[in-house]
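The following exercises ask the reader to work through a structure step by step. Each task is followed by a solution.

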Amino acid sequence: MTSVEAIITIDEQPVPFKPGQSILEAALHAGVYIPHLCHHPEFAPHGSCKLCSVVVNGRSASACAMKAAAGQEIEVDTPELHAFRRTLVQMLFVEGNHFCPGCEKSGNCQLQALGYEFEMMTPHFVHFFPNLDVDASHPDALIDFNRCIQCELCVRASRDVDGKAIFALAGRGLNSHLVVNSPSGKLGDTNFSVADKAAHVCPVGAILVKRVGFAEPIGTRRYDLEPISAEAAQCAIEEA
Amino acid sequence: MTPAAPIVAAAVERRRGDPTYLLQILREVQEALDWIAPETAAAIASQLRIPHTQVQSALQFYSFLYDKPRGAYRLLFSDNITDQMLGSAALCEHLLNRLKLKRGEVSPDGLASVDLTSCTGMCDQGPAMLVNNRAVTRLTARRIDEISDLVRARVPLSEWPTDYFRVDDNIRRADALLGGSFEPGKALRAAIARGRQGMLDEMKRSNLRGRGGAGFATGVKWEGCRNAPGAEHFVVCNADEGEPGTFKDRVLLQTYAARVFEGMAIAGFVVGAVRGFVYLRGEYRFLLAPLEAKLEQMRRARLLGPGICGAPGFDFDIEIHLGAGAYVCGEESALIESLEGKPGRPRIRPPFPVTVGYLGKPTVVDNVETLCEATEVALRGGQAFASQGTKRSTGTKILSVSGDCERPGVYEYPFGVRISQVLKDCGARDVAAVQVSGPSGVCLTPDEFDRHIAFEDVPTAGAFMIFGGHRDLFEVARNFTHFFAHESCGFCTPCRVGTALVRDVMDKIAAGRGTRYEINELMRLYELLRRTSHCGLGQTAVNAVHDTWQKFRPAYERRLQWRDFSPTVDLEAALATARRVAGREDADAHLGAEA
């Protein structure tokens with residue numbers, strides 16, 4: 001039973017919340033979609049991708065990092081925020097090297113799905129075309145650094161769930177990049193396993209399990225069938 | 001065993017194997033070895049029993065830590081706009097020529113490298129540089145000649161003329177703080193006499209607000225920290241004075257350190273902390289030894305340590321952590337991350353450090369000047385303190401004045417002073433603009449010079465950079481965009497990518513290839529970064545571009561092409577390699593005059 005006060009308003013629609021929930025969690029549980037990329041229901045809020053930027057009582061905030069509080073009036077689906085989010089996705093596209101047609105994550109990739117969600121027709125900005133590597137040293141998994149969007153989900157999964165701390169971000173600014181915990185810096189020299197949580201949280205095609213890439217054909221994959229915004233309805237069903 | 005092993009072992013031993021000292025250990029090891037080789041990093045990881053990734057994260061984050069050899073002499077020119085205005089670019093070129101080097105490259109014999117670094121806080125005595133993290137001021141062509149001779153002769157830094165390293169206070173106007181008499185221990189005894197609650201009451205009565213720029217009420221902050229549950233509380237002095245154009249904290253730490261430390265002890269007394277940290281920016285490495293000596297002197301005088309001034313239960317001591325070249329560490333939660341030995345990435349706030357700070361425990365983070373002012377409150381009482389300044393901005397403010405004026409230096413005024421008064425006092429004439437509070441602050445034009453320095457009008461952390469009528473404000477803004485792109489921590493998308501995009505757009509305009517399209521892009525990115533960035537760095541990173549476009553439009557317009565769009569890729573230039581390979585220079589090998 002939700003107490004009468006525990007209500008926030010998202011785009012003029014009342015949404016209940018439980019104490020301690022973030023705005024994003026409350027919204028997803030109620031079947032209201034707020035775009036996001038670095039958020040994962042099993043991990044603590046991170047707040048780096050900024051796709052969940054919303055306006056709370058007239059002020060900008062990240063829905064994943066701000067706790068829901070009674071009486072908040074939240075704007076999510078406005079033309080301005082929509083444009084911000086499209087720009088943020090374009091930024092993620094141009095800072096890495098993302099070639100969807102050749103990527104085995106196509107159709108299951110959240111970055112690609114968000115590109116569709118925000119009607120992104122072009123990358124808009126000049127590509128930075130960074131010179132990045134692929135690490136295929138591990139027998140069962142590979143890392144394509146070209147596609148890393150620095151959401152740190154693998155960092156969190158490996159540290160907090162697997163207890164291995166295999167990944168971290170290093171460097172600064174546009175030179176930030178994922179590093180791997182071995183003297184050689186290679187995944188093959190770590191105790192990483194495809195049974196790890198970290199092998200299955202990458203929202204893009206940066207960490208891939210080998211030999212299963214096209215087990216599911218392109219065209220019938222998750223976001224080929226339904227838009228990423230349908231995820232909220234899924235969340236709500238699972239809750240109920 | 002590598003030669004690095006005993007050095008690493010000693011550094012780890014000095015810090016009792018505590019990984020929260022990782023940054024300090026890296027810094028100390030590098031001081032001995034000039035850089036952190038992969039095997040050195042691996043040795044540090046294994047001796048601290050932490051993942052390699054943790055060492056790499058810190059090592060690759062800080063500008064002054066090197067994971068590649070940078071030469072025995074690492075010469076970094078301060079690249080603030082005020083250094084540039086004093087001719088730093090030509091001096092850098094001169095040194096490069098003398099050493100036969102390209103910027104950023106290491107000489108083949110491993111002797112030296114020459115590069116740029118963010119503002120070193122010597123704007124009133126520039127152009128300045130850092131040589132192996134040691135500040136050198138008042139550079140001239142002659143001094144550059146001498147330096148290149150010393151480098152080539154491999155003369156150790158300790159044998160260089162001491163005058164190179166002279167850092168002047170340049171106090172031009174002193175008021176209550178800089179001009180007052182100070183008797184060691186008096187402020188502490190006054191605070192003890194007032195009692196913990198009484199001292200807090202005086203702080204609140206004083207309405208002292210944080211001098212780092214944000215202006216949060218210090219007494220309220222202390223009370224919040226005191227009331228926060230936690231086995232231990234901490235006091236942190238933010239001496240990461242990184243805002244280009246600011247240098248007043250350097251003066252306070254050089255000449256008024258006892259007051260800073262007493263202010264910290266008073267904060268500890270009020271909030272119930274027994275440990276305090278000074279987070280000193282790496283550029284002020286030269287202050288480390290004198291500050292350590294001052295701490296030792298105060299311990300001997302029982303002004304620090306157990307039972308301060310004989311007061312039972314008043315135990316407080318201070319240690320100094322040195323930064324390593326990261327502007328973002330001035331943000332309080334990034335500073336705390338750095339204190340814990342990690343990269344300085346700002347945390348999600350709330351929770352604020354007063355409840356969840358250093359090691360997750362309640363922590364007060366105050367600016368150097370704020371802590372100095374706390375001694376004033378202890379001595380004079382809150383009421384007397386509040387009698388100066390304006391109603392909402394009590395007390396005095398120290399300004400770091402630099403740029404086009406006769407008397408650059410440090411000026412202390414009661415809050416409420418007009419911009420025009422400061423300009424008159426420092427001997428600035430024909431002023432086109434003043435950048436208050438650094439690149440993240442505000443650009444004021446002559447019609448705004450009757451405005452007041454105060455939290456309610458023009459708030460400032462202290463920087464006051466003056467630009468004469470002959471200066472090009474577009475170049476000023478462009479310098480700032482390079483600064484932010486270099487200093488973005490990379491955590492959030494808008495700032496990580498956006499600051500680089502803004503920099504590149506400004507460079508395109510500077511190259512004469514900009515159109516109205518680029519201006520629209522800049523304004524769009526300004527809104528995005530302001531509204532969605534994780535911390536103040538990204539939120540303010542395009543302010544200067546926005547301000548100067550509003551106020552100095554001709555500086556931009558005269559660079560713009562009068563058409564709708566100009567591609568970023570210069571096709572004609574892109575074909576140069578093909579022409580060279582094909583050995584052609586005829587007309588058909590060129591695109592012709594650009595349409």
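The exercises below concern a predicted model and treat its overall size, its domains, its chain contact and one helix pair.

**Exercise 1.** Determine how the radius of gyration of chain B relates to that of a compact globule.

*Solution.* Begin with the length of the chain: for 595 residues, a compact globule would have a radius of gyration near 25 Å. Next, take the value for chain B, which is 25 Å and therefore agrees with that expectation. The extent along the principal axes completes the description: the C-alpha atoms of chain B fill a box of roughly 90 × 65 × 45 Å. Within chain B there are 25 helices and 14 strands.

**Exercise 2.** State how chain A and chain B are divided into domains.

*Solution.* Chain A has domain 1 (7-77) and domain 2 (85-209). The centres of these two domains of chain A, taken over C-alpha atoms, are 25 Å apart. To their contact, domain 1 of chain A gives 10 residues and domain 2 of chain A gives 15 residues. On the side of domain 1 of chain A that touches domain 2 of chain A, 6 residues are nonpolar, 3 polar and 1 charged.

Chain B is assigned domain 1 (4-61), domain 2 (73-168), domain 3 (172-386), domain 4 (396-471) and domain 5 (474-557). Between the centres of domain 1 and domain 2 of chain B, taken over C-alpha atoms, the separation is 28 Å.

**Exercise 3.** Describe the side of chain B that touches chain A.

*Solution.* First, count the participants: 29 residues of chain B are in contact with 31 residues of chain A. Second, locate the helices of chain B involved: α4 (52-61), α18 (473-487), α19 (493-510) and α20 (516-532) each supply at least two residues of this side. Third, sort the residues of this side of chain B by character, which gives 13 nonpolar, 14 polar and 2 charged.

**Exercise 4.** Are α18(B) and α22(B) roughly parallel or roughly antiparallel to each other?

*Solution.* Two packed helices are described by the angle between their axes and the distance between the axes. Here the axes of α18(B) and α22(B), the latter spanning residues 543-551, come within 9 Å and cross at roughly 165°. Angles over 145 degrees count as roughly antiparallel; α18(B) and α22(B) are therefore roughly antiparallel to each other. The crossing of α18(B) past α22(B) is left-handed.

For the residues, L473(B), F474(B), V476(B), A477(B), F480(B) and T481(B) in α18(B) meet A544(B), V545(B) and T548(B) in α22(B). The residues of this contact comprise 7 nonpolar, 2 polar and no charged.

Key:
Residues are numbered from 1 along each chain as its sequence is written. Chains are lettered from A and ligands numbered from 1 in the order in which they are written. This is a predicted model: local features need pLDDT of at least 70, side-chain atom pairs count only at pLDDT 80 or more; totals for chains, interfaces and linings use all residues. Domain bounds come from an automatic or database domain assignment. Two residues are in contact if their C-beta atoms, placed from the backbone, lie within 7 Å. Helices (H or I, at least four residues) and strands (E, at least two) are DSSP runs, numbered from the N terminus. Ala, Val, Leu, Ile, Met, Phe, Trp, Tyr, Cys and Pro count as nonpolar, Asp, Glu, Lys and Arg as charged, and the others, Gly among them, as polar. Axes are lines fitted to C-alpha atoms, for helices over the stretch in contact, and angles run from 0 to 180 degrees between N-to-C directions. Angles under 35 degrees count as roughly parallel, over 145 as roughly antiparallel, 65 to 115 as roughly perpendicular and the rest as oblique. A crossing is left-handed if the near helix is turned anticlockwise from the far one by less than a right angle, and right-handed if clockwise. The radius of gyration is taken over C-alpha atoms; the globule rule is 2.2 Å times the number of residues to the power 0.38.
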